[in-house]
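Colleague: I should like to learn how to read a sheet, a core and a pocket from a set of coordinates. Could we work through one case together?

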Amino acid sequence: MGTIRDHTGTVSSSIVLVKLGADMHRSGTLFATYRVILRQGKSYIVLSGYAGLRRYLTAPVYGVGNPKVIKMGIGQVAAKAALKSGAVLTLILSPAVRTLEWLFTDELKTMEAMLAHIATDIAKGLIAAGAAYFASGVLPAIAVSMGASVVAVIPVVAGIAVAIAAGKLLNLVDNKLGLTEKLVDALVQHKESWATAMKENKRSVELVRRETNYYFGSTRGNLDFIRRFGGL
């Protein structure tokens, strides 16, 4: 389950990479390039190679926001879409997988431990997705803005590699510093403090209830109330 949780975004990007690589190879070379041009205030992606031989990207020029281009992971808009989908997958899968692990494979784990692992999973997933976006979207965008052509498959490869490397590095840092375990301890302490406060509140409420019943529920209590609070 941990593999599913940690690498779902990478698997989906790998599928895109395979499709893109195959399409570029059909048009002449696996390392076909693209560049971005500006026409009448709009940006367009121009692909090299023979467009008619490709299966998916069958036109030589596409708008940067064209669904086909985004689906195939080309350009900064596609990188943003991948970042968004990766973040959504992290937010959905981490709680689901951690809950299943807690229910079926690790019954000794506390609720606090599960919540702490979900929180750190999400944090690490978002950081890795951000790093992948920088590698696959920002850097190529800088290159094309300077007039350079970019090999279409390289940004996708870079995004996958950076996401995997960032995930492993974050796990190493977490394990070395014990960040998740510290969060578990903090949640346990907060729970204990909350339980203690609730007990104190319950005692206070019970004391008020008893005094109210005594002062207003009996003649002797009425007299004691008058003496105590009436200055008699």
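Modeller: We shall take the sheet, then the core, then the pocket, bearing in mind that this is a predicted model.

Colleague: Let us begin with the sheet. What is the order of its strands?

Modeller: A general point helps here: along a regular strand, side chains alternate between the two faces of the sheet. In this model, four strands with antiparallel pairing make an open sheet in the order β3-β2-β1-β4. β3 and β4 (150-151) are at the edges with a single partner strand each, so one side of each has no neighbour in the sheet.

Colleague: How many bridges join β1 to β2, and what lies between these strands?

Modeller: Six bridges join β1 to β2 (residues 42-47), and the two run antiparallel. They form a hairpin with two residues between them. In that turn, Gln 40 has a positive phi of about 50°. Arg 39 has Lys 42 of β2 opposite.

Colleague: Which residues of β3 stand opposite Tyr 44 and Ile 45?

Modeller: The bridge partner of Tyr 44 is Gly 63, while Ile 45 stands opposite Tyr 62. Three bridges link β2 to β3 (residues 61-63), again an antiparallel pair.

Colleague: Turning to the core, which members of the largest nonpolar core touch the most other members?

Modeller: The general idea is that in soluble globular proteins, nonpolar side chains tend to be buried together. The largest nonpolar core here has 17 residues, and Leu 20, Tyr 34, Leu 47, Leu 57 and Ile 74 touch the most other members. At least two residues of this core come from each of α1 (2-26), β2 and α5 (153-177), with α5 giving the largest share, three residues.

Colleague: What does Leu 20 touch beyond four places away in sequence?

Modeller: Leu 20 touches Leu 57, Met 72, Ile 74, Ala 152, Val 153 and Val 156.

Colleague: Finally, how is a pocket to be read? Which elements line the second largest pocket?

Modeller: In general, rolling a probe the size of a water molecule over the atoms shows where empty space is left. The second largest pocket has a volume of about 160 Å³. Two or more lining residues come from each of β1 (33-39), α3 (76-104) and α4 (111-145); α4 gives the largest share, four residues.

Colleague: What classes of residue make up that lining?

Modeller: The lining has eight nonpolar, four polar and no charged residues. Among them are Tyr 34, Ile 45 and Ile 74. Tyr 34 and Ile 74 were also named for the core, and Ile 45 for its place opposite Tyr 62 in the sheet.

Methods. Residues numbered from 1 in each chain as written. Predicted model: local features only at pLDDT ≥ 70, side-chain atom pairs only at ≥ 80, totals over all residues. Heavy atoms only, no water. 1 Å grid on protein atoms, 1.4 Å probe; cavity = no way out; pocket = protein on both sides within 12 Å on 5 of 7 lines; lining within 4 Å. Points joined across faces, edges and corners; volume = space filled by probe spheres on them. Nonpolar A, V, L, I, M, F, W, Y, C, P; charged D, E, K, R; others polar. Pairing = 2+ DSSP bridges. Core = buried A, V, L, I, M, F, W, Y, C linked by side-chain atoms within 4.5 Å. Buried < 20%, exposed > 50% of the residue type's maximum accessible area, 1.4 Å probe, protein only. Contact = heavy atoms within 4.5 Å.
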